[in-house]
Each structure stands twice: as structure tokens, then as C-alpha cells.
Amino acid sequence: MSVEFSFDDRSMTAHPGQSVGAALLANGVRSWRTTRFGGRPRGLFCGIGVCFDCLVTVNGEPNVRACLAAVADGDVVSTQVGDGHVASATERGADLTSDGRGDERD
Ligand code: FES
């Protein structure tokens with residue numbers, strides 16, 4: 001049995017109970033938001049709900065911690081830009097696949 005969800009219009013699957021962050025990593029996605037200043041890519045960092053690096057938009061709700069929220073069947077997960085808006089098509093075209101971690105913390 002698996003859970004089906006989408007990320008930026010791409011269909012993906014997850015195990016029931018898996019976190020959004022774990023499901024995205026399992027589907028080859030390493031970054032799903034950009035920072036407010038500089039637009040640097042972010043994904044999982046602490047993995048335990050402390051750092052807020054993993055914020056993502058789920059079903060239109062911004063600032064969901066991907067490491068804590070369980071993915072549900074039919075969830076629509078979207079790249080989040082800066083302070084919490086869903087990425088436009090142009091913004092989604094930016095390369096969010098590289099690690100890109102710098103010293104910027106936001
Ligand atoms: S990875 Fe740190 S809060 Fe989610």
C-alpha cells in the first residue's frame with residue numbers, strides 16, 4: 001500500500017505515515033523552499049522540527065515543517081519561496097536540486 005501525492009505538479013508515492021520531507025527525499029527531491037534573502041535552496045537539516053529549514057507549502061498552507069508533517073493521500077505539496085508563497089513557474093525553474101547550503105540562516 002502506498003500514498004500518492006504531488007510535488008510541483010509531479011506525481012509521487014510515499015509509504016503511509018512517512019513525513020513529507022522523507023517522502024520528497026525518497027522521490028529524489030533534496031530542496032523544496034528558498035530563503036527570504038538570497039533565494040538559496042533549503043530542505044531537511046535537523047529532521048526533528050527545530051531548525052525550520054524544511055518549510056514547504058502543503059495543500060495551500062505555507063510554512064509546514066516537512067520533517068514533522070505526515071504526507072497524506074492526495075496531498076498537493078509545493079515549493080515555497082521566501083516568506084511563504086508558492087513558487088511561480090519561473091521560480092520553480094530555478095535549480096533547487098543542488099545542496100547549496102551556505103552560511104545564510106533564515
Ligand atoms: S528539518 Fe529542521 S525543522 Fe524540519
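A residue is called buried if 20 or more other C-beta atoms lie within 10 Å of its own, exposed if 12 or fewer do, and partly exposed in between, with C-beta atoms placed from the backbone. The exercises below concern a predicted model, in which local features need pLDDT of at least 70 and side-chain atom pairs count only at pLDDT 80 or more, while totals for chains, interfaces and linings use all residues. Residue numbers start from 1 along each chain as its sequence is written.

**Exercise 1. Burial of Val77 and Ser6**

Decide for Val77 whether it is buried or exposed, and place Ser6 on the burial scale too.

Step 1. Locate the residues. Val77 belongs to strand β7 (residues 76-78), and Ser6 to strand β1. Strands here are DSSP runs of E with at least two residues, helices are runs of H or I with at least four, and both are numbered from the N terminus.

Step 2. Count neighbours. Val77 has 24 other C-beta atoms within 10 Å and is therefore buried. Ser6 has 13 C-beta neighbours inside 10 Å, so it counts as partly exposed.

Step 3. Set this against the whole chain. Of the protein's 106 residues, 34% count as buried.

**Exercise 2. Contacts across the sequence**

List the residues in contact with Val77, leaving aside its neighbours within four places in sequence.

Step 1. Apply the criterion: a contact is a pair of residues whose C-beta atoms, placed from the backbone, lie within 7 Å.

Step 2. For Val77 the list is Phe5, Ser6, Phe7, Val20, Val56 and Val58. For Ser6, with the same exclusion, it is Ser11, Met12, Val76 and Val77.

Step 3. Compare sequence and space. Val77 and Asp8 are 69 residues apart in sequence, yet their C-alpha atoms are 6.6 Å apart. Ser6 and Asp73 are separated by 67 residues in sequence and by 9.4 Å from C-alpha to C-alpha.

Step 4. Look at the protein as a whole. Among contacts with a separation of 6 or more, 45% join residues 24 or more positions apart.

**Exercise 3. The two sheets**

Work out the strand order in each open sheet, and say which strands stand at the edges.

Step 1. List the elements. The protein has 2 helices and 9 strands, which run β-β-α-β-β-β-β-β-β-β-α from the N terminus on.

Step 2. Take the sheet of 5 strands. Its order is β2-β1-β7-β5-β6, with mixed pairing; two strands pair if DSSP finds at least two bridges between them. β2 and β6 each have a single partner strand, so each has one side without a neighbour in the sheet. From one strand to the next, the twist averages 40 degrees; axes for such angles are lines fitted to C-alpha atoms (for helices, over the stretch in contact), and angles run from 0 to 180 degrees between N-to-C directions.

Step 3. Take the sheet of 4 strands. Its order is β4-β3-β8-β9, and its pairing is mixed. The edge strands are β4 (41-42) and β9 (85-86), each paired on one side only.

Step 4. Check one pair. β3 (residues 33-34) and β4 are antiparallel and share 2 bridges; Pro41 in β4 is the bridge partner of Thr34.

**Exercise 4. A hairpin and two positive phi angles**

Find the residue with a positive phi in the turn between β5 and β6.

Step 1. Establish the pairing. β5 and β6 (residues 61-65) run antiparallel, joined by 3 bridges, and Val58 stands opposite Glu61 in β6.

Step 2. Inspect the turn. The hairpin has 2 residues between its strands, and Asn59 in the turn has a positive phi of about 50 degrees. Asn59 counts as exposed because it has 12 C-beta neighbours inside 10 Å.

Step 3. Compare Phe52, in the loop between β4 and β5. Phe52 is not a glycine, but has a positive phi of about 65 degrees. With 15 other C-beta atoms within 10 Å, Phe52 is partly exposed.

**Exercise 5. The nonpolar core**

Identify which elements each supply at least two residues of the largest nonpolar core.

Step 1. Define the set: buried Ala, Val, Leu, Ile, Met, Phe, Trp, Tyr and Cys residues joined through C-beta atoms within 7 Å.

Step 2. Find the members. The largest core has 18 residues, and those with the most contacts inside it are Phe5, Val20, Ala23, Leu24, Val56 and Ala66.

Step 3. Assign them. β1 (3-7), β2 (10-14), α1 (20-26) and β5 (55-58) each supply at least two, and α1 gives the most, with 3 residues.

Step 4. Follow one member. Beyond four places in sequence, the contacts of Phe5 are Met12, Ala14, Ala23, Val71, Gly74, Asp75 and Val77.

Definitions and conventions: Two residues are in contact if their C-beta atoms, placed from the backbone, lie within 7 Å.
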